[in-house]
Amino acid sequence: MNSVLYNPDKLMTDRPLFHNRRVCVVGCGAVGSYLIEQLAKMGASPDAVDFDVLTLENAAKHSSLIRTPEDAGRNKAVCVSERVKPFLDQGCTSHGIDSDLCLLGPEAFADYDVVFAALDNFAAKVLLNELIRQLPPERRPLLIMDGTYGEMAQSVMLDNTEFCLRCLMDESWLKDSAVRTSCTSAPIRQNDGLAPIVRTSARASSLAAHLSTEQYRGYVTGAPGAMNRRLTYTAYPGLELRVSHPLPKRNCPGCAIQPPAHLRWLRGSVLTVSLREAMQQISEQLGTTDFELSVHRLHYKEVLHSCFIVTEYCRACGKPIRVLKHAGRTFPHHLLCLECNLHGKQPYLTSDLPRTLLYAFTPSCEDAIQDMTLFDLGYPLGAHIEVIERQGAFDLLDRDKIKTTFFALDEDHCQMRQIQKLSC
Ligand SMILES: [Zn+2]
Ligand SMILES: [Zn+2]
């Protein structure tokens, strides 16, 4: 039975070409909300990812799918994917996930035909580029990135064969997002400061979404010369639509990222498999218990978060505390003891008191850590987990002896259709 409300005979006949194509929109604000609307009306199945909530102050930039004022305060991804449902074709779906991009790994994107980067910050674009580059080419989605500036709109579609997303960014833009950290403690995440106001219009946002979906339509319909191009719309007085062919950037750190040479599969999902269970599966596959799992390495805002914090000290009173959190998911308020947190104290101490940090998990880790899920230990959904067999090597100079294998969990990709929220 046909459950759609509208008359499909009044729409373009190419819509079935987009059926069964899963697309993911990362960032569901001004441009992203228009993207999801258009993708649904083209006949695709758009999923949505965003950690942020809708605000009244941005209401005039969004697609009217979002209701004002009643949707203010709701998660952007969950709200837009719900509001778009009446416009989906028969059999198509839209699923919204309330999540920070830092909680997703490469395999989370492996099922998608294309990932739209409708992100307003460079750090997230660099991270998304890294995740997509870590996927082997046969499971790597296309990337379409858009943006606005004043009344100008732009979109780039790339398949990662000629250039990457980072090639399109000036390295000097990324420096500003670097966070200063003390050299003695683990770099934890810093709360984002207030974002500067960027003036742009709903027309520019919707135009950027139009350019992106037109590029996607060009790809799906096999239009020659559509791939690896940038479309730039300039408003009056210099009204113009320009097509250009971006070039790779020399010594691009993004282009240097490669998928793992050996990727093996574990059963389950990082959300439910404990470290103990994962180690059992790994030892069955490798035929040894002499291995370690490197703690997840999160590169974000030009900072590497690569350790798991077991114990720290309260940054207000100095009392030792157990943290049991990945450094990339640890914010200043996590480094306060219960009492100081209750009394609303501010973290301010930066001394060199003893702390316990792990850079790898081994079969000899304490029980409390063995019982934690891989996700709670800091591995993102869809992680590539690095497993190192030292085979007698003492340090990296013994590199010949060290064997590295990457593992991923075979149910992680399905979770992108099931989970509602990921939080640290
Ligand atoms: Zn590049
Ligand atoms: Zn305290």
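**Questions about a predicted model**

Reader: Let's start with Met-169. Where in the chain is Met-169 found?

Author: Happy to begin there; keep in mind that this is a predicted model. Two elements flank the residue, β6 (152-158) and α4 (171-175). Met-169 is found in the loop between β6 and α4.

Reader: Is Met-169 buried, exposed or partly exposed?

Author: We can count C-beta atoms around the residue: Met-169 has 18 others within 10 Å. A buried residue needs 20 or more, and an exposed one has 12 or fewer. The count of 18 falls in between, so Met-169 is partly exposed.

Reader: Which residues does Met-169 touch, not counting those up to four places away in sequence?

Author: Good one to check on your screen. Leu-336 is no candidate, because its C-alpha atom is separated from that of Met-169 by 37 Å, and a contact requires C-beta atoms within 7 Å. The residues that Met-169 touches are Phe-122, Lys-125 and Leu-174.

Reader: Now the sheet. Which strands stand at its edges?

Author: The open sheet has eight strands with mixed pairing, in the order β3-β2-β1-β4-β5-β6-β7-β8. An edge strand has a single partner, so one side of it is left without a neighbour in the sheet. The strands at the edges are β3 (96-98) and β8 (240-244).

Reader: In β3, what is the bridge partner of Ala-48?

Author: Strand β2 (residues 45-50) pairs with β3 in the parallel sense, over three bridges. Ala-48 lies within the range of β2, and its bridge partner in β3 is Gly-96.

Reader: Helix α1 packs on the sheet; what angle does its direction make with that of β2?

Author: Helix α1 (residues 30-42) touches β1 (22-26), β2, β4 (114-117) and β5 (142-149). Its direction makes an angle with that of β2 of about 165°.

Reader: Which helix or strand gives the most to the largest nonpolar core?

Author: That core holds 109 residues, and Leu-128 is among the members that touch the most others. It draws at least three residues from each of domain 1 (8-244) and domain 2 (263-417). The element giving the most, with eight residues, is α1.

Reader: How many residues of domain 1 that touch domain 2 are nonpolar?

Author: The contact involves 28 residues of domain 1 and 28 residues of domain 2. Helix α3 (residues 122-133) gives the most to the domain 1 side, with three residues. That side also includes eight polar and five charged residues, and its nonpolar residues number 15.

Conventions: Residues are numbered from 1 along each chain as its sequence is written. Chains are lettered from A and ligands numbered from 1 in the order in which they are written. This is a predicted model: local features need pLDDT of at least 70, side-chain atom pairs count only at pLDDT 80 or more; totals for chains, interfaces and linings use all residues. Two residues are in contact if their C-beta atoms, placed from the backbone, lie within 7 Å. Helices (H or I, at least four residues) and strands (E, at least two) are DSSP runs, numbered from the N terminus. Ala, Val, Leu, Ile, Met, Phe, Trp, Tyr, Cys and Pro count as nonpolar, Asp, Glu, Lys and Arg as charged, and the others, Gly among them, as polar. Two strands pair if DSSP finds at least two bridges between them. Axes are lines fitted to C-alpha atoms, for helices over the stretch in contact, and angles run from 0 to 180 degrees between N-to-C directions. A nonpolar core is a set of buried Ala, Val, Leu, Ile, Met, Phe, Trp, Tyr and Cys residues joined through C-beta atoms within 7 Å. Domain bounds come from an automatic or database domain assignment.
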